[in-house]
Amino acid sequence: MSLLSKIFKSKTVGEIENSTGNHSIPGHVAIMMDGNGRWATKRGLPRTAGHANAAGKLENLMTYLLDRGVHTVSLYAFSTENWKRSKQEVDFLMNLMTKELKRGKKRFMEMNVRIKAIGRRDNIPTKLLDAIEDLELATFGNTRGTLCLAIDYGGQDEIVRAAQAAIDEGVENLTKEAFNSYLDSGELTPIDLVIRTSGEFRLSNFMLWQMAYSEFAFIPEMWPDMTPKILEKILKDYSTRNRRFGGTKK
(Lines give C-alpha, C1' and ligand atoms only; values in the text may rest on other atoms or scores of the structure.)
Protein backbone atom coordinates (compact mmCIF):
# COMPACT_ATOMS: atom_id res chain seq x y z
CA MET A 1 0.00 0.00 0.00
CA SER A 2 1.39 3.40 -0.99
CA LEU A 3 1.87 6.21 1.52
CA LEU A 4 -0.92 8.16 -0.16
CA SER A 5 -3.29 5.20 0.13
CA LYS A 6 -2.55 4.97 3.85
CA ILE A 7 -3.31 8.68 4.24
CA PHE A 8 -6.61 8.25 2.41
CA LYS A 9 -7.59 5.33 4.63
CA SER A 10 -6.62 7.21 7.80
CA LYS A 11 -9.28 9.83 7.17
CA THR A 12 -12.82 9.28 8.30
CA VAL A 13 -15.85 9.55 6.07
CA GLY A 14 -16.87 12.69 7.89
CA GLU A 15 -13.56 14.34 7.15
CA ILE A 16 -13.70 13.61 3.44
CA GLU A 17 -17.31 13.21 2.37
CA ASN A 18 -19.97 15.86 2.84
CA SER A 19 -23.37 14.18 2.83
CA THR A 20 -26.32 16.29 1.77
CA GLY A 21 -28.57 14.64 4.35
CA ASN A 22 -31.18 14.45 1.58
CA HIS A 23 -32.08 10.77 1.25
CA SER A 24 -33.96 11.36 -2.01
CA ILE A 25 -30.59 12.09 -3.63
CA PRO A 26 -27.95 9.32 -3.79
CA GLY A 27 -24.76 10.36 -2.02
CA HIS A 28 -22.60 7.89 -3.93
CA VAL A 29 -23.31 7.03 -7.57
CA ALA A 30 -21.37 4.31 -9.38
CA ILE A 31 -21.47 4.23 -13.17
CA MET A 32 -20.59 1.34 -15.47
CA MET A 33 -19.80 3.19 -18.69
CA ASP A 34 -20.73 0.45 -21.12
CA GLY A 35 -21.25 0.44 -24.88
CA ASN A 36 -18.46 2.65 -26.19
CA GLY A 37 -17.19 0.11 -28.71
CA ARG A 38 -20.66 -0.87 -29.91
CA TRP A 39 -21.63 2.80 -30.24
CA ALA A 40 -18.69 3.32 -32.61
CA THR A 41 -19.21 0.09 -34.55
CA LYS A 42 -22.84 0.99 -35.28
CA ARG A 43 -21.57 4.19 -36.88
CA GLY A 44 -18.92 2.48 -38.98
CA LEU A 45 -16.13 3.81 -36.76
CA PRO A 46 -13.28 1.99 -34.98
CA ARG A 47 -14.03 0.99 -31.37
CA THR A 48 -11.43 3.50 -30.18
CA ALA A 49 -13.60 6.34 -31.52
CA GLY A 50 -16.28 5.35 -29.01
CA HIS A 51 -13.83 5.55 -26.14
CA ALA A 52 -12.57 8.95 -27.29
CA ASN A 53 -16.13 10.27 -27.55
CA ALA A 54 -17.02 8.91 -24.13
CA ALA A 55 -14.15 10.71 -22.42
CA GLY A 56 -15.66 14.05 -23.36
CA LYS A 57 -18.86 13.28 -21.46
CA LEU A 58 -17.32 13.12 -18.01
CA GLU A 59 -16.97 16.78 -16.99
CA ASN A 60 -20.53 17.88 -17.75
CA LEU A 61 -22.11 14.81 -16.18
CA MET A 62 -19.89 15.07 -13.09
CA THR A 63 -20.83 18.73 -12.71
CA TYR A 64 -24.53 17.89 -13.05
CA LEU A 65 -24.37 15.22 -10.34
CA LEU A 66 -22.44 17.48 -7.96
CA ASP A 67 -24.95 20.26 -8.50
CA ARG A 68 -27.75 17.85 -7.62
CA GLY A 69 -26.10 16.95 -4.29
CA VAL A 70 -24.19 13.76 -5.13
CA HIS A 71 -20.88 13.78 -3.25
CA THR A 72 -19.11 10.76 -4.79
CA VAL A 73 -19.08 9.39 -8.33
CA SER A 74 -17.28 6.11 -9.05
CA LEU A 75 -16.54 5.21 -12.67
CA TYR A 76 -15.60 1.78 -14.02
CA ALA A 77 -12.82 2.89 -16.35
CA PHE A 78 -10.88 -0.35 -16.94
CA SER A 79 -11.46 -3.78 -15.41
CA THR A 80 -9.01 -6.56 -14.59
CA GLU A 81 -10.71 -8.49 -17.39
CA ASN A 82 -10.27 -5.72 -19.97
CA TRP A 83 -6.66 -6.81 -20.51
CA LYS A 84 -8.18 -9.57 -22.70
CA ARG A 85 -9.03 -7.01 -25.37
CA SER A 86 -6.79 -6.40 -28.38
CA LYS A 87 -3.41 -4.80 -27.70
CA GLN A 88 -4.39 -1.90 -29.96
CA GLU A 89 -7.51 -1.13 -27.92
CA VAL A 90 -5.76 -1.58 -24.56
CA ASP A 91 -2.88 0.68 -25.59
CA PHE A 92 -5.35 3.29 -26.81
CA LEU A 93 -7.24 3.19 -23.50
CA MET A 94 -4.06 3.50 -21.44
CA ASN A 95 -2.90 6.48 -23.49
CA LEU A 96 -6.37 8.08 -23.47
CA MET A 97 -6.67 7.84 -19.68
CA THR A 98 -3.18 9.27 -19.24
CA LYS A 99 -3.96 12.17 -21.56
CA GLU A 100 -7.35 12.91 -19.99
CA LEU A 101 -6.02 12.84 -16.42
CA LYS A 102 -3.21 15.22 -17.27
CA ARG A 103 -5.51 17.50 -19.25
CA GLY A 104 -8.15 17.52 -16.53
CA LYS A 105 -5.88 18.44 -13.63
CA LYS A 106 -6.55 22.18 -13.82
CA ARG A 107 -10.28 21.64 -14.30
CA PHE A 108 -10.58 19.26 -11.34
CA MET A 109 -8.87 21.85 -9.17
CA GLU A 110 -11.30 24.52 -10.37
CA MET A 111 -14.22 22.19 -9.67
CA ASN A 112 -12.83 21.49 -6.17
CA VAL A 113 -13.11 17.75 -6.86
CA ARG A 114 -10.86 15.14 -5.29
CA ILE A 115 -9.60 12.29 -7.48
CA LYS A 116 -9.16 8.83 -6.00
CA ALA A 117 -8.18 5.72 -7.96
CA ILE A 118 -8.97 2.15 -6.95
CA GLY A 119 -7.63 -1.08 -8.39
CA ARG A 120 -4.26 -2.68 -8.91
CA ARG A 121 -1.24 -0.47 -9.54
CA ASP A 122 1.31 -3.09 -10.53
CA ASN A 123 0.22 -3.71 -14.13
CA ILE A 124 -0.70 -0.32 -15.59
CA PRO A 125 1.91 1.69 -17.55
CA THR A 126 4.23 3.96 -15.59
CA LYS A 127 3.00 7.10 -17.36
CA LEU A 128 -0.60 6.37 -16.37
CA LEU A 129 0.38 5.52 -12.80
CA ASP A 130 2.35 8.76 -12.52
CA ALA A 131 -0.64 10.73 -13.83
CA ILE A 132 -2.96 9.05 -11.32
CA GLU A 133 -0.73 9.66 -8.31
CA ASP A 134 0.02 13.24 -9.36
CA LEU A 135 -3.70 13.98 -9.61
CA GLU A 136 -4.47 12.28 -6.29
CA LEU A 137 -1.86 14.39 -4.53
CA ALA A 138 -2.86 17.62 -6.26
CA THR A 139 -6.58 17.23 -5.47
CA PHE A 140 -6.29 15.62 -2.04
CA GLY A 141 -7.57 18.68 -0.19
CA ASN A 142 -10.52 19.36 -2.48
CA THR A 143 -13.86 19.20 -0.71
CA ARG A 144 -16.77 19.60 -3.14
CA GLY A 145 -16.88 15.92 -4.04
CA THR A 146 -14.90 12.85 -5.02
CA LEU A 147 -14.40 11.23 -8.41
CA CYS A 148 -13.33 7.63 -7.87
CA LEU A 149 -11.74 5.98 -10.89
CA ALA A 150 -11.65 2.17 -11.04
CA ILE A 151 -8.64 1.33 -13.20
CA ASP A 152 -7.36 -2.26 -13.54
CA TYR A 153 -10.07 -2.99 -11.02
CA GLY A 154 -11.99 -6.15 -10.15
CA GLY A 155 -14.34 -6.51 -7.20
CA GLN A 156 -13.25 -10.06 -6.37
CA ASP A 157 -9.59 -9.09 -6.68
CA GLU A 158 -10.12 -6.16 -4.31
CA ILE A 159 -11.80 -8.38 -1.71
CA VAL A 160 -9.04 -11.00 -1.90
CA ARG A 161 -6.32 -8.35 -1.57
CA ALA A 162 -8.12 -6.78 1.40
CA ALA A 163 -8.45 -10.17 3.12
CA GLN A 164 -4.76 -10.91 2.52
CA ALA A 165 -3.77 -7.52 3.92
CA ALA A 166 -5.74 -8.22 7.10
CA ILE A 167 -4.13 -11.66 7.40
CA ASP A 168 -0.66 -10.19 6.88
CA GLU A 169 -1.31 -7.77 9.75
CA GLY A 170 -2.41 -10.62 12.00
CA VAL A 171 -5.94 -9.30 12.45
CA GLU A 172 -8.27 -11.58 14.42
CA ASN A 173 -12.04 -11.37 14.80
CA LEU A 174 -12.35 -9.18 11.72
CA THR A 175 -15.49 -7.02 11.64
CA LYS A 176 -17.23 -5.62 8.58
CA GLU A 177 -16.09 -2.14 9.55
CA ALA A 178 -12.46 -3.22 9.94
CA PHE A 179 -12.53 -5.19 6.69
CA ASN A 180 -13.89 -2.16 4.85
CA SER A 181 -10.78 -0.22 5.83
CA TYR A 182 -8.61 -2.67 3.88
CA LEU A 183 -10.53 -2.17 0.65
CA ASP A 184 -9.25 0.17 -2.04
CA SER A 185 -12.33 2.33 -1.58
CA GLY A 186 -11.40 2.76 2.09
CA GLU A 187 -13.21 5.77 3.51
CA LEU A 188 -15.78 6.14 0.74
CA THR A 189 -19.41 5.69 1.70
CA PRO A 190 -21.37 2.67 0.40
CA ILE A 191 -22.82 3.00 -3.10
CA ASP A 192 -26.40 4.26 -3.15
CA LEU A 193 -27.10 4.02 -6.87
CA VAL A 194 -25.51 1.98 -9.66
CA ILE A 195 -26.08 3.01 -13.27
CA ARG A 196 -25.19 0.70 -16.16
CA THR A 197 -25.57 1.88 -19.73
CA SER A 198 -26.08 -0.04 -23.00
CA GLY A 199 -28.87 -2.40 -21.93
CA GLU A 200 -26.69 -4.97 -20.16
CA PHE A 201 -27.97 -6.50 -16.90
CA ARG A 202 -24.92 -7.64 -14.95
CA LEU A 203 -22.43 -6.34 -12.37
CA SER A 204 -19.26 -7.34 -14.24
CA ASN A 205 -17.21 -7.64 -11.05
CA PHE A 206 -17.55 -3.96 -10.12
CA MET A 207 -17.34 -2.85 -6.46
CA LEU A 208 -19.19 -5.94 -5.22
CA TRP A 209 -18.71 -5.27 -1.50
CA GLN A 210 -19.77 -1.64 -1.80
CA MET A 211 -23.00 -2.56 -3.67
CA ALA A 212 -24.48 -4.67 -0.88
CA TYR A 213 -27.62 -2.50 -0.63
CA SER A 214 -27.37 -0.38 -3.77
CA GLU A 215 -30.27 0.58 -5.98
CA PHE A 216 -29.81 -0.19 -9.69
CA ALA A 217 -30.65 1.56 -12.95
CA PHE A 218 -30.04 -0.43 -16.14
CA ILE A 219 -30.66 1.81 -19.14
CA PRO A 220 -30.59 1.13 -22.91
CA GLU A 221 -28.56 4.19 -23.89
CA MET A 222 -24.86 3.64 -24.54
CA TRP A 223 -22.41 5.73 -22.55
CA PRO A 224 -21.50 8.14 -25.41
CA ASP A 225 -25.21 9.01 -25.62
CA MET A 226 -25.54 9.78 -21.89
CA THR A 227 -26.88 13.25 -21.12
CA PRO A 228 -27.87 15.25 -18.01
CA LYS A 229 -31.50 14.76 -19.08
CA ILE A 230 -31.11 10.98 -18.82
CA LEU A 231 -29.42 11.37 -15.43
CA GLU A 232 -32.28 13.58 -14.28
CA LYS A 233 -34.77 10.85 -15.14
CA ILE A 234 -32.70 8.26 -13.26
CA LEU A 235 -32.41 10.45 -10.16
CA LYS A 236 -36.14 11.16 -10.24
CA ASP A 237 -36.85 7.43 -10.27
CA TYR A 238 -34.36 6.88 -7.43
CA SER A 239 -36.14 9.49 -5.30
CA THR A 240 -39.33 7.38 -5.40
CA ARG A 241 -37.71 4.20 -4.10
CA ASN A 242 -38.10 3.00 -0.52
CA ARG A 243 -34.72 1.71 0.65
CA ARG A 244 -35.38 -0.68 3.53
CA PHE A 245 -31.89 -2.22 3.97
CA GLY A 246 -33.44 -5.52 4.96
CA GLY A 247 -36.01 -3.95 7.29
CA THR A 248 -39.71 -3.38 6.91
CA LYS A 249 -41.37 -0.87 4.63
CA LYS A 250 -41.61 2.62 6.10
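Helices (H or I, at least four residues) and strands (E, at least two) are DSSP runs, numbered from the N terminus. The structure above is a predicted model, in which local features need pLDDT of at least 70 and side-chain atom pairs count only at pLDDT 80 or more, while totals for chains, interfaces and linings use all residues. Residues are numbered from 1 along each chain as its sequence is written, and side-chain values use heavy atoms, with hydrogens and water left out.

**Exercise 1. The whole chain**

Work out how many helices and strands the chain has, and how its radius of gyration compares with the globule rule.

*Solution.*
- Start with the secondary structure: it comes to 10 helices and six strands.
- Next, take the radius of gyration over C-alpha atoms, and the globule rule as 2.2 Å times the number of residues to the power 0.38.
- The chain has a radius of gyration of 18 Å, close to the 18 Å that the rule gives for 250 residues, so it is as compact as a globular protein of that length.
- Along its principal axes, the C-alpha trace spans about 55 × 45 × 35 Å.
- Finally, count contacts (heavy atoms within 4.5 Å): among those between residues at least 6 apart in sequence, 77% join residues at least 24 apart.

**Exercise 2. Two loop residues, Gly-141 and Asn-112**

Place Gly-141 in the chain, decide whether it is buried or exposed, and find its C-alpha distance to Asn-112.

*Solution.*
- Gly-141 sits in the loop between α7 (126–139) and β4 (145–153).
- For the accessibility step, buried means under 20% relative accessible area, exposed over 50%, and partly exposed in between (1.4 Å probe, protein chains only).
- Gly-141 has a relative accessible area of 59%, so it is exposed.
- Asn-112 belongs to the loop between α6 (87–111) and β3 (113–118), and is partly exposed at 26%.
- The two residues are 29 apart in sequence, and their C-alpha atoms are 8.4 Å apart in space.

**Exercise 3. Phi at Asn-112 and Ser-198**

Look up the phi angles of Asn-112 and Ser-198 and say what sign they have.

*Solution.*
- Begin with the background: most residues other than glycine have a negative phi.
- Asn-112 is not a glycine, yet has a positive phi of about 65°.
- Ser-198, also not a glycine, has a positive phi of about 80°.
- Ser-198 lies in the loop between β5 (193–196) and β6 (215–218).
- With a relative accessible area of 9%, Ser-198 is buried.

**Exercise 4. Side chain to backbone**

Find which backbone nitrogen the side chain of Asp-184 approaches, and which one the side chain of Thr-175 reaches.

*Solution.*
- A polar contact is a pair of N or O atoms within 3.5 Å; within protein, one must be able to donate a hydrogen and the other to accept it, and residues adjacent in sequence count only if both atoms are side-chain atoms.
- Asp-184 is in the loop between α9 (176–180) and β5, and counts as buried because its relative accessibility is 13%.
- A polar atom of the Asp-184 side chain lies 3.0 Å from the backbone nitrogen of Gly-119.
- Thr-175, in the loop between α8 (155–168) and α9, is partly exposed at 38%.
- The Thr-175 side chain reaches the backbone nitrogen of Ala-178 at 3.0 Å.

**Exercise 5. The surroundings of Leu-174**

List the contacts of Leu-174, leaving aside neighbours within four places in sequence.

*Solution.*
- Leu-174 is placed in the loop between α8 and α9, and its relative accessible area of 38% makes it partly exposed.
- Its contacts are Ala-166, Phe-179 and Tyr-182.
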